[in-house]
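Reader: I have a chain open on my screen, and I would like to go through the reasoning behind its labels. Could you take my questions as they come?

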Amino acid sequence: MAIGSKELRPVELDTFEDERLVDELKKAKEELFNLRFQSATGQLESHGRLRAVKRDIARIYTVLRERELGIRATPAPVETAPKAKKTTKKADKPAESTEAETAEEK
């Protein structure tokens with residue numbers, strides 16, 4: 001069982017885009033800084049968290065490097081389909097009346 005954040009498993013990291021990986025890396029480095037500061041002042045409660053954050057940082061660096069080398073595929077951007085417009089009854093009624101008027105004129 002790997003130690004670290006549950007949301008930063010290698011399978012999850014594969015789905016992240018490069019920008020999000022860089023954001024996660026920045027967050028992890030900030031957390032590591034805070035944990036080291038707590039350790040130096042004697043306020044750190046969980047020493048295992050230091051190890052977990054270091055491993056998370058290493059995982060992120062590994063994924064980024066593998067993408068640079070072409071070992072790991074970069075996820076394709078997901079395109080969202082445009083939502084279908086909802087028609088209201090008010091919009092349908094004028095169209096029906098114009099159709100009826102054109103039929104009467106013929």
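Reader: Why is Arg49 called partly exposed?
Author: This is a predicted model, and in it Arg49 has a relative accessibility of 27%. Buried would need a value under 20% and exposed one over 50%, so Arg49 counts as partly exposed.

Reader: What makes Glu31 and Arg49 a salt bridge?
Author: The closest N and O atoms of the pair are 2.9 Å apart. The cut-off is 4 Å between a side-chain nitrogen of Lys or Arg and a carboxyl oxygen of Asp or Glu, so the pair of Glu31 and Arg49 qualifies as a salt bridge. Glu31 is itself partly exposed, at 30%.

Reader: Why can one say that this pair ties parts of the chain together?
Author: Glu31 lies in helix H2 and Arg49 in helix H3, so the bridge links parts that are 18 residues apart in sequence.

Reader: How do you know that Asp56 is buried?
Author: Its relative accessible area is 2%. The limit for buried is under 20%, so Asp56 falls in that class. Asp56 forms a salt bridge with Arg59, with the closest N and O atoms 2.8 Å apart. Arg59 counts as buried too, because its relative accessibility is 16%. Both residues lie in helix H3, three residues apart, about one turn of the helix.

Reader: And what makes Asp14, Glu66 and Arg72 a network?
Author: They are joined by salt bridges that share partners. The structure holds nine salt bridges. Another of them joins the side chains of Glu12 and Arg9, at 3.2 Å from N to O.

Reader: Why is Arg67 called buried, arginine though it is?
Author: Arg67 has 9% relative accessibility, so it counts as buried, the cut-off being under 20%. Its place is in helix H3, residues 47-69. Beyond its neighbours within four places in sequence, Arg67 is in contact with residues including Leu13, Phe16, Leu21 and Pro75.

Reader: Which residues have the most contacts inside the largest nonpolar core?
Author: They are Leu13, Leu21, Val53, Ile57 and Ile60, in a core of 15 residues. Helices H2 (18-41) and H3 each supply at least two residues of this core, and the largest share, six residues, comes from H3. Leu13 touches Leu21, Ile60 and Arg67, among others. In soluble globular proteins, nonpolar side chains tend to be buried together.

Reader: How do you know that the length of H2 agrees with what a helix should span?
Author: At 1.5 Å a residue, its 24 residues should span 34 Å, and the end C-alpha atoms are 35 Å apart, so the two values agree. In H2, the buried residues are Leu21, Glu24, Leu25, Ala28, Leu32 and Leu35. Helices H1 (10-15) and H3 are among what covers them. Just after H2, Gly42 takes a positive phi of about 80°.

Reader: What makes the pattern of the chain α-α-α-α?
Author: The chain has four helices and zero strands, and reading along the sequence gives that pattern.

Reader: Which elements have the lowest and the highest mean pLDDT?
Author: Helix H4 (residues 89-105) has the lowest, at 57, and H2 the highest, at 95. For the chain the mean is 81, and 68% of the residues reach 70 or more. Where pLDDT is low, the predicted coordinates should not be read in detail.

Note on methods. Residues numbered from 1 in each chain as written. Heavy atoms only, no water. Buried < 20%, exposed > 50% of the residue type's maximum accessible area, 1.4 Å probe, protein only. Contact = heavy atoms within 4.5 Å. Core = buried A, V, L, I, M, F, W, Y, C linked by side-chain atoms within 4.5 Å. pLDDT = per-residue confidence, 0-100. Expected span 1.5 Å × (residues − 1).
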